[in-house]
Amino acid sequence: MITDTLFDITKASESRIADVDLDAPGFGREFADHMLEMEYRDGQWQQPEIKPFGSIEITPALNALHYAQSVFEGTKAYYVDGSTINLFRVQKNYERMARSCERMCIPTIEKDIFIEGIKELIRLDHQWVPEKEGNTLYIRPFACAFDPIISARVAEQYRFYIITSPVGSYYERPVKLTTTQQYVRAVKGGVGAAKTAGNYAASLYPAQQAKKEGFDQVLWLDAEEHTYVEEVGTMNIFFVIDGVLVTPSLRGTILPGVTRDSIIELAKHWDMPVEERRISIEEVMQAGKDDKLEEVFGAGTAAVVAPVEEVHHDGQSVTFDIDGRGPVGQKFYKAITDIQYGKAEDPFDWIASVKID
Ligand code: COI
């Protein structure tokens, strides 16, 4: 039962911030002083608590560990100045989390708990938001089954957490992608559109194989025909072909990325030709051969706008001689990060500012 004060708050007696280098935090390795925790039992979510970040006790029988009934989100907080921290499109993250929860049979979390919980954590841990441009405080809300039973059934108990982590770049350099004919990420009717743990677990072995061959990630193709490009798993994918921005259409198998959506909105706002459609890997490779493939980049909250240096398919490669983003990727990166860091107008109302006293 949620009472009229949204959160019970217990503050950390001492901050751990002095032990962390916010200029070079890596990715997902350090965690800010507080976290939100909420239990689901007896058919309802209980009063959420904000408390010091720390380990949780679990039984080895915990069903989430065995059957992956688990969903998560990723969003970031951006340092503007000593009194303002910006959040970017958290409403979209909430909506996606609600859809992921529904697909994974996890009881819906109230919007206020999700959004106000993030804001309250930012107010408490605002000093953990790195000031260095490009670094941010990554926010990871997640929910998972919490029954102490190894039975593959919809759980009766759950936990919802929000933890935050100062981060730098997810990819330090342009990425090399390869397709695979052997493995798939998602099938129609499956869980590809949900941000659920199993999608990431399933991608690890193919990604490891790709790494052995010198690539950073797999560029996933559709599961039925192994023909159409889908996404990268850690990010969505964009091609610039003959001046047109093309990205695979969402067909239930692709994660509907917030950065993906922002790029499409910006392109439309700028009257830049943009197409969301099926795009075959043959079309991409042919455009490369014809010198019409001008740029390839990935887009995601963690990756932001990540340049692609190589697309490899069926023994052939299209390569780009780059050490950073191309002009189109850079234009989107700058527009999005300028809005996020409060350096540019926000015509889309994407920003929620958190004021620090
Ligand atoms: C994100 O972009 O926020 C993600 O969750 C992707 C993950 C690979 C870090």
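This passage describes the ligand site and the enclosed space of a predicted model. Residues are numbered from 1 along each chain as its sequence is written. Local features need pLDDT of at least 70, side-chain atom pairs count only at pLDDT 80 or more, and totals for chains, interfaces and linings use all residues, while side-chain values use heavy atoms, without hydrogens and water.

The shell around the ligand (residues with a heavy atom within 4 Å of it) consists of Phe72, Gly74, Tyr138, Arg140, Tyr170, Lys195, Thr234, Thr301 and Ala302. Domain 1 (2–167) and domain 2 (175–340) both contribute to this shell, so the ligand lies between them. The domain bounds come from an automatic or database domain assignment.

Oxygen atoms of the ligand form polar contacts (pairs of N or O atoms within 3.5 Å). A polar side-chain atom of Tyr138 lies 2.5 Å from a ligand oxygen. For a backbone N or O atom of Ala302, the distance to a ligand oxygen is 2.8 Å. An N or O atom in the Arg140 side chain is 3.4 Å from a ligand oxygen. Taken alone, the ligand exposes 290 Å², of which the protein buries 89%. These areas come from the Shrake-Rupley method with a 1.4 Å probe.

The model also holds two cavities of 30 Å³ or more. A cavity is a set of points on a 1 Å grid over the protein atoms alone, where a 1.4 Å probe fits but cannot get out. The largest has about 90 Å³ of space, the volume filled by probe spheres set on the points. Its lining comprises 13 residues (an atom within 4 Å of a point), and Tyr78, Phe88, Thr259, Thr301 and Gln340 are the closest to its centre.

Terms used:
Polar contact = N/O pair within 3.5 Å; in protein donor to acceptor, adjacent residues only side chain to side chain. 1 Å grid on protein atoms, 1.4 Å probe; cavity = no way out; pocket = protein on both sides within 12 Å on 5 of 7 lines; lining within 4 Å.
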